[in-house]
Structure formats: structure tokens, C-alpha cells
Amino acid sequence: MTTIAIIGAGITGLACAGKLAAAGHHAVLFDKGRGIGGRVATRRAAGLQFDHGAQYASTQGDEFAKVLGKLAATGAVAPWIDGGGQTRCVGVPGMSAMAKAMAQGLDVRQNTLVSGLSHNTTGWHLQIAGVVHAAAHVIVTVPAPQLAALLGADHPMIARVAHVRYAPSLTLMAAINGPAPFISHHDPGADLAWIAQDSSKPGRPQQEGTAWVAQASAGFSVDHLEQDNDTIAALMLPLLCDRLGLTRDHVTHAAAHRWRYAHVTQALGQSFLRAGDASLYLGGDWCLGPGIANAWASGVAIADDLLAHLA
Ligand SMILES: Cc1cc2nc3c(=O)[nH]c(=O)nc-3n(C[C@H](O)[C@H](O)[C@H](O)COP(=O)(O)OP(=O)(O)OC[C@H]3O[C@@H](n4cnc5c(N)ncnc54)[C@H](O)[C@@H]3O)c2cc1C
């Protein structure tokens, strides 16, 4: 029997499993995604590469700064000076490298959707491709709005996350043959709230032209959330070309991605939720607030709490 199961191998799940492993406890991480890292992601297409999720990690708190310092020593992350002159921490050769480095030595099962979760006197039961996996402790790290699909809308812990809110993000990935007028540009009031020259980040593969990632504002993303990816790309590309001062002829590749749950806009206000018997924990960035550092803090807090119960 799997003693500890973690649903989600994003930063929360990885931080939690890493802390448990350091204390001698084996956890199995199940993730429906092809890659490791959830929203810390790098997309490869037609010989190109784009960080289409999180752009960089911020060193928030001494403990997380130490983690990033250790990852920097292995070369998995490095500093990047953005267009505003701020030094940021990015994965090398892509943001996903940060998550992959955190997953070193952990038992991660990718392409593994957990479709249901139930509990009886023998423990927790995870439904995975028609097979039931048993676990004594389950840690669920999916975005809060996706919890009801796993636990059931009437589970008592669902009401406790009802006030948590996310904003979506529509993201454009484009390759451009032409001059690159800036490194990054942040304007929360514009339809394209963030634009970054992805290929200016350290250790990126050499590719023809420059790779750009543009994220739509929350308002634009809500307005066009249900459009298909081709339509989203067609809407965002002219905005990017305008901002770069280039014509459509310079574009050699364009694709869009829809993040339905991108940025936490209203958090739970505590590091995690726990069932009374410590057999079920719920955590994620939605607990403390948006971003990688908050996700990491939630995962570590869950591990600390579970370790105290296991002692
Ligand atoms: C476009 C964008 C830009 C961002 N920019 C930044 C930034 O610059 N800096 C920053 O710090 N943060 C940024 N963020 C936010 C940051 O990425 C997140 O806060 C953080 O990665 C959340 O980690 P998490 O582990 O809590 O959740 P996630 O990364 O969402 O991980 C949850 C995991 O659960 C898996 N999962 C879900 N349901 C199931 C299921 N039923 N079965 C199995 N697996 C399941 C998912 O596949 C996913 O891997 C950005 C996010 C987006 C989308």
C-alpha cells in the first residue's frame, strides 16, 4: 500500500514530497500532466522553446531563498535581469528545469490522472485509470476550484475553500525574425500585461530570431477565455506585433495557451487545510497567495505538519 500519496507534482507537491523524503518518508506523486512542475512549465514546439507559465521565481523568505541558492549551485536556475532592471531567478534551460531539479530522487508518476478520491475505514482510495490505489495519507495540491471534482462537492472541506479565487491567463508564444526592442515589458493596464523576450533568459537554446511570451491582462483573459487557442493567438498576435513595432511578416511561429487557473486573486489565508485525523491535506498556491514561493511554503508546511503527526 502507498502510505503517502500526493496529487499534483507542481511546486507545492514537489516541496512537500522533498521535505518528507528528507525526513525518510516515501511519497508517491501522481500528476495528470506530461511534464513535471504544473504551472512552472516550458513548451517546446517546432525547434522552439517558451516558458509559457511562470516567468520567474521571486525569493520570498529566507528558506525559499536557500532552496533557490541550492538549485543555482547545480545550474538548474540562474539570475535574469528583466526589462525593468530587476534580477529574477529563472530555470535553466527553461522554467521547467526548476521543477525537474526539485523532483530529483522523488517518485513522480506523470500522465496519471486521479479521477476520484474516496475514504472508508481502510483508508483513502485513489481512482486511477479504473484501478484503485490505496493510501493512508493523501495530500491534494490541485487548484482549489478543481478540488470538488476529486472530493465531491458536498465534502465538508470544499465549503472552506469557497472564497478562494483565481484569475485566468491567456498566453501567446511567438517567434519573431526582427529587431528585439526590449527584454520585458510590464503594464497591468494594457491588454498584453506582460511581454518577455524569452530567449534573453540564460541558457536558452540558440534558435532563429527571438522567442517571445506575452500574457494577456486578467480582463482580456476573462473576455476571451472560451475561445479556441488559434483564435486566441490570432487576437493576441497583432497586439504583440504593435508593441514590438513589427509587421506580421516577421512572425515565424505563433501559438496560444489558456491557463484557466493562473494567478490567485483571493487566497485561503493559511498554509493548508487538514482533516482532523491528518489523513487528508489540501494545499497549493491558493492557500497563501499567488506565486511559486507561496506554493513552496504551502507544501513544506503540510510536510512539517504531517511529520509531526507521524512522529
Ligand atoms: C501564465 C502564468 C504566469 C505565472 N507567472 C508567475 C511568475 O512569474 N512567478 C511566480 O512566482 N509565479 C507565477 N505564476 C504562478 C505559479 O506558477 C503558481 O503559483 C505555482 O506554480 C503553483 O504551484 P502549485 O503546485 O500550487 O500548483 P500547480 O502548478 O497548478 O500544480 C498542480 C498540479 O496538479 C496536477 N493535477 C491537477 N488535477 C489533477 C488530477 N486530478 N490528477 C493528477 N494531477 C492533477 C496538475 O497537472 C498540476 O501539475 C504564474 C502562473 C501562470 C499560469
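Helices (H or I, at least four residues) and strands (E, at least two) in these legends are DSSP runs, numbered from the N terminus. Everything shown comes from a predicted model, where local features need pLDDT of at least 70, side-chain atom pairs count only at pLDDT 80 or more, and totals for chains, interfaces and linings use all residues. Residues are numbered from 1 along each chain as its sequence is written, and side-chain values use heavy atoms, with hydrogens and water left out.

**View 1. Ala 278, a buried residue with a positive phi.** Look for Ala 278 in the loop between strand 16 (273-274) and strand 17. Its phi is positive, about 60°, although Ala 278 is not a glycine. Ala 278 has a relative accessible area of 1%, so it counts as buried (buried is under 20% relative accessible area, exposed over 50%, partly exposed in between, with a 1.4 Å probe and protein chains only).

**View 2. Asn 111, an exposed residue with a positive phi.** Asn 111 sits in the loop between strand 7 (107-109) and strand 8. Here too there is no glycine, yet phi is positive at about 50°. Asn 111 counts as exposed, at 54% relative accessibility.

**View 3. His 119 and what it touches.** His 119 belongs to strand 8 (residues 116-120) and is partly exposed, with a relative accessible area of 43%. Leaving aside residues up to four places away in sequence, His 119 touches Trp 124, Asp 277 and Ser 279; contact means heavy atoms within 4.5 Å. Leu 151 is 32 residues from His 119 along the chain, and their C-alpha atoms are separated by 9.5 Å.

**View 4. Strand 10 and its two partners, strand 9 and strand 17.** Two strands pair if DSSP finds at least two bridges between them. Strand 9 (residues 123-128) runs antiparallel to strand 10 (residues 131-140), over 5 bridges, and Leu 126 has His 133 as its bridge partner in strand 10. Their hairpin has 2 residues between the strands, and Ala 129 takes a positive phi there, near 50°. With strand 17 (residues 280-282), strand 10 pairs in the parallel sense over 3 bridges. Ile 139 stands opposite Tyr 281 of strand 17.

**View 5. Helix 2 and its buried side.** Phe 64, Leu 68 and Leu 71 are the buried residues to find in helix 2. They are on the same side of helix 2 because they cover an arc of only 60° around the axis, the arc being that of the directions from the helix axis to the C-beta atoms. Among the elements covering the buried residues of helix 2 are strand 5 (77-81), strand 6 (87-91), helix 3 (96-102) and helix 8 (292-310). Turned away from the buried side, the other face carries exposed Asp 62, Lys 66, Lys 70 and Ala 73. Right after helix 2 comes Gly 75, with a positive phi near 90°.

**View 6. A cis peptide bond at Pro 93.** Pro 93 lies in the loop between strand 6 and helix 3. The peptide bond leading into Pro 93 from Val 92 is cis, and its omega is near 10°.

**View 7. Where domain 1 meets domain 2.** The domain assignment gives domain 1 (2-37 + 103-164 + 267-310) and domain 2 (166-265); such bounds come from an automatic or database domain assignment. At the junction, 10 residues of domain 1 are in contact with 5 residues of domain 2.
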